[in-house]
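Student: I would like to learn how the labels used for a structure like this are justified. Could we go through some of them slowly?

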Amino acid sequence: MTAALLYPFILVAGALQAIGNAMNAQLRGRMVNPWLAATVSFLPIVFVFTTLFLTMPTPLPSLDSLSKMPWYAPLGGLAGAVAVFGGLAFIDKVGAGPFNGLTLTANILTSLAMDALGLFGLQAAGFKPMPWLGGLLMAVGVTFIARSGGKSDGGEGHGEGHGMSGKLLYPFILVAGALMAIGVVWNAQLRGALENPWLAATVSFVPVVFVFALMFLLRPSPLPTRADIAGVRWWMPLAGITGAVAVFAGLLFVDKVGAGAFNGLLITANLLTSVALDHFGWFGMKQVKAGPPRLIGAALMVGGIVLISLF
């Protein structure tokens with residue numbers, strides 16, 4: 001199968017990732033404690049992938065493939081989870097628009113750098129001006145979308161009153177965006193070493209649940225009230241599973257299409273779906289109509305991903 005034939009699957013994964021982000025925001029509002037919310041979000045993922053591995057336990061990795069696995073490969077899930085937790089913890093401090101603009105811009109530029117330099121086992125493509133121009137267009141497009149409202153978790157006052165204290169978090173958010181791109185590549189290396197994609201996905205997510213559950217045990221307050229729990233809709237705990245489709249797509253496809261094209265497609269589908277979620281107010285999102293700035297941003301992102309994918 002040629003790389004271009006994989007693009008529709010990656011676009012669907014990006015759309016589902018955006019839906020998962022919206023669901024996670026609602027879950028965070030009901031769970032109150034961000035560590036508890038993250039644990040509840042990621043635990044079903046481990047259950048699903050473990051069940052699939054037990055159902056389809058072959059192929060299994062050989063001792064030779066395990067010996068060649070980089071030490072960092074099993075940490076891909078943790079690297080990607082940093083951005084998820086950043087959204088849970090920081091989005092109300094800096095605003096949804098700046099948070100998404102910073103993380104996705106860092107993701108795009110890190111992906112292009114990994115492709116160009118051949119980092120983490122990727123084939124070095126060297127510096128090519130057109131993909132970097134595409135990355136610049138995508139960054140500008142993200143900025144247009146972010147500054148016109150960004151994604152909201154439905155709470156009151158988001159995006160307002162974010163002063164200097166919020167801006168001090170920007171470096172951490174940029175690192176989270178870069179780790180999101182790196183995590184995709186690490187997961188692909190894990191998939192290569194473990195051979196079985198269900199086993200690889202399980203190994204990727206188990207450390208995430210362990211860390212979040214441990215942090216919740218160390219910091220168990222605040223806790224949700226009975227009214228908070230009663231307000232949890234059936235689809236909210238499925239946020240992690242929805243977003244995990246993108247991680248699984250990375251396990252399978254990033255080494256076939258390249259980190260730049262993969263993350264570019266994922267981000268484009270994510271942002272366009274986010275614009276639609278905001279425009280129609282789906283999944284409890286605060287309704288934000290898609291005006292000219294957002295439509296211009298969407299067009300720039302589409303143009304950017306075309307340049308990255310074709311060149």
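Tutor: What follows is a conversation about ring pairs and nonpolar cores in this model, which is predicted.

Student: Why is the pair of phenylalanine 49 and phenylalanine 205 called stacked?

Tutor: The ring centres of phenylalanine 49 and phenylalanine 205 are 5.9 Å apart, and rings count as a pair if their centres lie within 6.5 Å. Their planes stand at 15°, and planes under 30 degrees apart count as stacked, so the pair is stacked.

Student: What makes phenylalanine 49 and phenylalanine 205 a tie between parts of the chain?

Tutor: Phenylalanine 49 belongs to helix 2 (residues 34-55) and phenylalanine 205 to helix 9 (residues 197-218), so the pair ties together parts that are 156 residues apart in sequence.

Student: How do you know whether phenylalanine 49 is buried or exposed?

Tutor: Its relative accessible area is 8%, and buried means under 20%, so phenylalanine 49 is buried. Phenylalanine 205, with 3%, is buried as well.

Student: Why is the pair of tryptophan 198 and phenylalanine 248 called stacked?

Tutor: With 4.8 Å centre to centre and 10° between the planes, this pair meets the limits of within 6.5 Å and under 30 degrees, so it counts as stacked. Tryptophan 198 in helix 9 and phenylalanine 248 in helix 11 are 50 residues apart, and both residues are buried.

Student: Which residues do ring pairs link into a cluster?

Tutor: The cluster consists of Trp35, Phe42, Phe49, Trp198, Phe205, Phe212 and Phe248.

Student: Which residues have the most contacts inside the largest nonpolar core?

Tutor: In this core of 39 residues, they are Ile10, Met114, Met138, Phe262, Ile267 and Met301.

Notes: Residues numbered from 1 in each chain as written. Predicted model: local features only at pLDDT ≥ 70, side-chain atom pairs only at ≥ 80, totals over all residues. Heavy atoms only, no water. Core = buried A, V, L, I, M, F, W, Y, C linked by side-chain atoms within 4.5 Å. Buried < 20%, exposed > 50% of the residue type's maximum accessible area, 1.4 Å probe, protein only. Phe/Tyr/Trp six-rings, centres within 6.5 Å; stacked < 30°, edge-to-face > 60°. Helix = DSSP H or I, 4+ residues; strand = E, 2+ residues; numbered from the N terminus.
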